[in-house]
Amino acid sequence: MQPMLPEWMKTSEEYVPPGDGGAFYYRTLRSLGGIMSRLRVESGREGRCSLPAWLKLLVLILYILLMSLARDRLCIMGLAAAGLMVLAMMPAKDIWSVLRPALLAGGLAAVLFAPAVIMDPGRLSNSLMVVVKVIMSVTAVGIFNRRTQWNHVTAALRRFRVPGVVIFLIDITFRFIVLLGNLMTEMLTALQLRSVGRNRKKYDSVGGIMGTVFLRGSEMNREMYEAMQCRGFTDDYKGL
C-alpha cells in the first residue's frame, strides 16, 4: 500500500524571482567606475623616460595657446598633426578614452555653429577650423591627463609659484571625490546584491545612498578641519 502524501509535499518549493534587468544599477556603477578610474591617483602611470610634469604642463599650455591664436590653416593642420602623432604613440586602450570626450566637444561646437553656417554658408571653412581647434585642445588635455599622475601635477603647479592654498583645495577636492565615489560604488554594489526580484523602489534606495554619502562627506570635512587645527596647518602645502 502506497503512503498517502499531502499535496503540499508534492509541489516544488523552488523560488524563481521575477526578472528586474538591473540595468539601472549597471549603468550607474559603470559611469561611477569610469569617473573614478580617471580621477584615481595611479602609481606607475608615467613611463621611466617620461618628461617632468612641469615641462608637460608648460607644453600643454603653449599648445593650447598656439592652437587658439593660430589663424593660418597650414599652422592649424601642423599643430593637429603633431597632437595626433603623440596620440598615436599611446597604448591602444587609451586612445579611444582620449578621443571620445574630444569628439563630443567637437560635436557640440559643430551644433552651436550650425545655425550660423546655414544662414551664411561662407562661414563653413572658419567654423570647421574652430571645431578642429576644440577637438585638438581637448585631445591635448586628455593626453596630458593620461600621461601624468595627479600628485605630479600638483608638484608642477607648485613649481610655477601657484599659491599653496589653491593647490591644497584642488588636491583635496579630487581626493574627496575619489573617496566618496568609492563609498557610493560599494553601497550601490551592496544594494544590487541584496535586491532579490523586482524592486519598484530602487530610486528611493538610491536617494538614501546619496543622503548617506552627503552625511559621510560632511563628517569627513569636519574631521579633516579638526585634524588641520590640531597640526597647526599653514598654507605651505607641498603635496605628496
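**Exercise 1. Helices H7 and H8**

At roughly what angle do the axes of H7 and helix H8 (residues 164-194) cross? Work out how the two helices run relative to each other, and then list the residues through which they meet.

*Solution.* The structure to be read here is a predicted model. As a first step, take the axes: those of H7 and H8 come within 10 Å and cross at roughly 170°. As a second step, compare this angle with the cut-off, since angles over 145 degrees count as roughly antiparallel; H7 and H8 are therefore roughly antiparallel to each other. As a third step, look at the residues in contact, where Trp150, Asn151, Thr154, Leu157 and Arg158 of H7 meet Gly164, Ile167, Ile170, Asp171, Phe174 and Arg175 of H8. Sorted by class, this contact of H7 with H8 holds five nonpolar, three polar and three charged residues.

**Exercise 2. The chain as a whole**

How many helices and how many strands does the chain have? Continue with the share of buried residues and the share of contacts between positions 24 or more apart.

*Solution.* Counting the elements gives nine helices and zero strands, and reading from the N terminus on, the order is α-α-α-α-α-α-α-α-α. The chain has 240 residues, of which buried residues make up 29%. Turning to contacts with a separation of 6 or more, one finds that 79% of them join residues 24 or more positions apart.

**Exercise 3. Helices H3 and H7**

Which residues of H3 and H7 make the contact between these helices? Begin the working with the angle between the axes.

*Solution.* The axes of H3 and H7 come within 8 Å and cross at roughly 75°. Angles of 65 to 115 degrees count as roughly perpendicular, and H3 and H7 are therefore roughly perpendicular to each other. On the H3 side, the contact is made by Ala53, Trp54 and Leu57, while His152, Val153, Ala156, Leu157 and Arg159 take part from H7. The residues of this contact of H3 with H7 divide into six nonpolar, one polar and one charged.

**Exercise 4. Helices H4 and H6**

Describe the packing of H4 (residues 73-88) against H6 (residues 124-147), giving the angle, the handedness and the residues that meet.

*Solution.* The axes of H4 and H6 come within 10 Å, and they cross at roughly 30°. That angle makes H4 roughly parallel to H6, because angles under 35 degrees count as roughly parallel. The crossing of H4 and H6 is left-handed. In the contact, Arg73, Ile76, Met77, Ala80, Gly83, Leu84, Val86 and Leu87 of H4 meet Ser125, Met129, Val132, Lys133, Met136, Thr139 and Ile143 of H6. By class, the residues of the contact of H4 with H6 comprise 10 nonpolar, three polar and two charged.

**Exercise 5. Three residues and their surroundings**

Is each of Met67, Lys133 and Phe113 buried, partly exposed or exposed? For each residue, name the helix and the contacts beyond four places in sequence.

*Solution.* Start with Met67, which lies in helix H3. Its relative accessibility is 0%, so Met67 counts as buried. Apart from neighbours within four places in sequence, Met67 is in contact with Ile76, Leu79, Ala80, Lys133, Met136 and Ser137. The C-alpha atoms of Met67 and Val134 are 8.8 Å apart in space, although these residues are 67 residues apart in sequence.

Next comes Lys133, found in helix H6. Because its relative accessibility is 17%, Lys133 also counts as buried, the cut-off being under 20%. Not counting residues up to four places away, Lys133 touches Met67, Ser68, Ala70 and Ile76. From Lys133 to Ala70 the C-alpha distance is 9.2 Å, with their positions 63 residues apart in sequence.

Lastly, Phe113 belongs to helix H5 (residues 92-119). With a relative accessible area of 30%, Phe113 is partly exposed. Leaving aside neighbours within four places in sequence, Phe113 is in contact with Ser127 and Val130. Phe113 and Leu124 are 11 residues apart along the chain, and their C-alpha atoms are separated by 8.8 Å.

**Exercise 6. The nonpolar core**

How many residues does the largest nonpolar core have, and which helix supplies its largest share?

*Solution.* The largest nonpolar core has 18 residues, and those with the most contacts inside it are Leu57, Leu60, Tyr63, Met67, Ile76, Met136 and Phe144. At least two residues of this core come from each of H3 (53-69), H4, H6 and H7 (150-159). The largest share, five residues, comes from H3.

How values were computed. Residues are numbered from 1 along each chain as its sequence is written. This is a predicted model: local features need pLDDT of at least 70, side-chain atom pairs count only at pLDDT 80 or more; totals for chains, interfaces and linings use all residues. Side-chain values use heavy atoms; hydrogens and water are left out. Axes are lines fitted to C-alpha atoms, for helices over the stretch in contact, and angles run from 0 to 180 degrees between N-to-C directions. A crossing is left-handed if the near helix is turned anticlockwise from the far one by less than a right angle, and right-handed if clockwise. Contact means heavy atoms within 4.5 Å. Ala, Val, Leu, Ile, Met, Phe, Trp, Tyr, Cys and Pro count as nonpolar, Asp, Glu, Lys and Arg as charged, and the others, Gly among them, as polar. Buried means under 20% relative accessible area, exposed over 50%, partly exposed in between (1.4 Å probe, protein chains only). A nonpolar core is a set of buried Ala, Val, Leu, Ile, Met, Phe, Trp, Tyr and Cys residues joined through side-chain atoms within 4.5 Å.
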